[in-house]
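I opened my notebook for a fresh look at this chain. Here is what I set out to look up, entry by entry.

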Amino acid sequence: MNQAYTLLDAAYAAARWGWYLAAFLVLGAGSYAPFLFQARTGLHHTDPELSRSLTRRAARIGIAAAATLLAFTLLRLFLQARTLIDPGDALTSEFLRAVLGSDWGHGWMRQGAMGLLTLLAFGAALRGSRLGWMVASAAGGGLGLTAGMTGHAATERAATIGMLLDAAHVWAGGLWLGGLAVLLMAGLGACRALPPDARPAALRTLVGDFSRRALIFAPLTIAAGGLLAVRYLGWGWPLHLFQSRYGWVLAAKLGALAVVAALGAFNWRVAQPGLARPEGEPRFRRSAGLELLFGILLLAVTAVLVALPFPGDEM
């Protein structure tokens, strides 16, 4: 029999949602490390000021995202501990130490360590450190690897292959949707300082760079998620979606994913080529913002899904 979904459960899901949003921004910001961005676009030769402005903005986003990530890691630990005790009982330091001593507690500590390392690395990157950028990008990858340590990927049903698939799912999703967020916040923001006649070419360069990466990471995100569903539920999982609460939420995630993918295809085939026209930038901004909005909703559904028991495991 399913347990009732409580206010504490909702608060815990909201904290996981915030953690995912911050982690995706960390991954997206890391993908604009100068040694990666400059190799992909060549803007450091044609427009060095735009290149520097964008990477500085990306570093600031990374700092804010890493600090937010640490805050949500602590909040998730507190809320998880509250779910393990009776409502009237006090949460003691001894109990928190016991929680941290569990397998999931070790996962939280690793997530916190990666978050702190990312924060320090982006701080160094903002001051122009190449090593800081390298560590920030690598630590973002470490976040993807630790994300599954406090969810379904840490269960016996997932095993090692499930943990790796979960990491690939987070990495690819973060580089896709997190990269889109940084493009909108940092890339389009940096372009506003350009003369009107120089903006269209710069926008096409930035959007083209993101589109090439999205064409790789979006399919990888979907493929890794599909293989995870097979790992958790078996090959026949699409036939049993509506037979459990887990299945209903998974169906909602698939629906949100379909909308995000459709909007991404529209941006690739319609909005991006339209940047050559005067009305192209506002249309791209609207359609890309809508894609990102549904991506944020997708992460909200994911935050609920990862805490639900598998079909047949309900209490």
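The entries below go from the whole chain to two helix pairs and then to three single residues.

**Entry 1: the whole chain**

I reminded myself before anything else that this is a predicted model. I then counted secondary structure and got 11 helices and zero strands. Reading from the N terminus, I wrote the order of elements as α-α-α-α-α-α-α-α-α-α-α. Next I looked at the radius of gyration, which is 20 Å; the globule rule gives 20 Å for 315 residues, so the chain is as compact as a globular protein of that length. For the extents along the principal axes, I noted about 65 × 45 × 35 Å for the C-alpha trace.

I also asked myself what percentage of the 315 residues is buried. The figure came out at 49%. For contacts between residues at least 6 apart in sequence, I found that 75% join residues at least 24 apart.

**Entry 2: α1 with α6**

I picked helix α1, residues 7–30, and helix α6, residues 103–126. Their axes come within 12 Å and cross at roughly 40°. An angle counts as roughly parallel only under 35 degrees, and I therefore filed α1 and α6 as oblique to each other. I noted the hand of this crossing too: α1 and α6 cross in a left-handed way.

Which residues meet here? From α1 I listed Tyr-12, Trp-19, Val-26, Ala-29 and Gly-30. From α6 I listed Trp-108, Gln-111, Thr-118 and Phe-122. Sorting the residues of this contact by character, I got six nonpolar, three polar and no charged.

**Entry 3: α2 with α9**

My second pair was helix α2, residues 34–41, and helix α9, residues 199–233. I have their axes coming within 10 Å and crossing at roughly 105°. That value falls in the range of 65 to 115 degrees, so I call α2 and α9 roughly perpendicular to each other.

On the α2 side I found Phe-37, Arg-40 and Thr-41 in the contact. On the α9 side I found Thr-205, Leu-206, Asp-209, Arg-212 and Arg-213. I sorted this contact of α2 with α9 as well, and it holds two nonpolar, two polar and four charged residues.

**Entry 4: Ser-137**

I moved on to single residues and located Ser-137 in helix α7, residues 130–147. Is Ser-137 buried, exposed or partly exposed? Its relative accessible area is 24%, so I put Ser-137 down as partly exposed. Leaving out residues up to four places away in sequence, I saw Ser-137 touch Gly-30, Ala-33 and Phe-35. Gly-30 had already turned up in my list for α1 with α6. I checked one distance as well: the C-alpha atoms of Ser-137 and Leu-180 are 16 Å apart, with their positions 43 residues apart along the chain.

**Entry 5: Arg-82**

Arg-82 sits in helix α4, residues 48–83. I read a relative accessible area of 19% for Arg-82, and since buried means under 20%, Arg-82 counts as buried. Apart from residues up to four places away in sequence, I found Arg-82 touching Leu-8, Pro-87, Asp-89, Ala-90 and Leu-91.

**Entry 6: Thr-46**

My last stop was Thr-46, in helix α3, residues 43–46. Thr-46 has 65% relative accessibility, so I marked it exposed. I also looked up its C-alpha separation from Leu-263, 217 residues apart along the chain, and wrote down 31 Å.

Terms used: Residues numbered from 1 in each chain as written. Predicted model: local features only at pLDDT ≥ 70, side-chain atom pairs only at ≥ 80, totals over all residues. Heavy atoms only, no water. Axes fitted to C-alpha atoms, helices over the stretch in contact; angles between N-to-C directions. Helix = DSSP H or I, 4+ residues; strand = E, 2+ residues; numbered from the N terminus. Parallel < 35°, antiparallel > 145°, perpendicular 65-115°, else oblique. Left-handed = near helix turned anticlockwise from the far one by under 90°. Contact = heavy atoms within 4.5 Å. Nonpolar A, V, L, I, M, F, W, Y, C, P; charged D, E, K, R; others polar. Rg over C-alpha atoms; globule rule 2.2 N^0.38 Å. Buried < 20%, exposed > 50% of the residue type's maximum accessible area, 1.4 Å probe, protein only.
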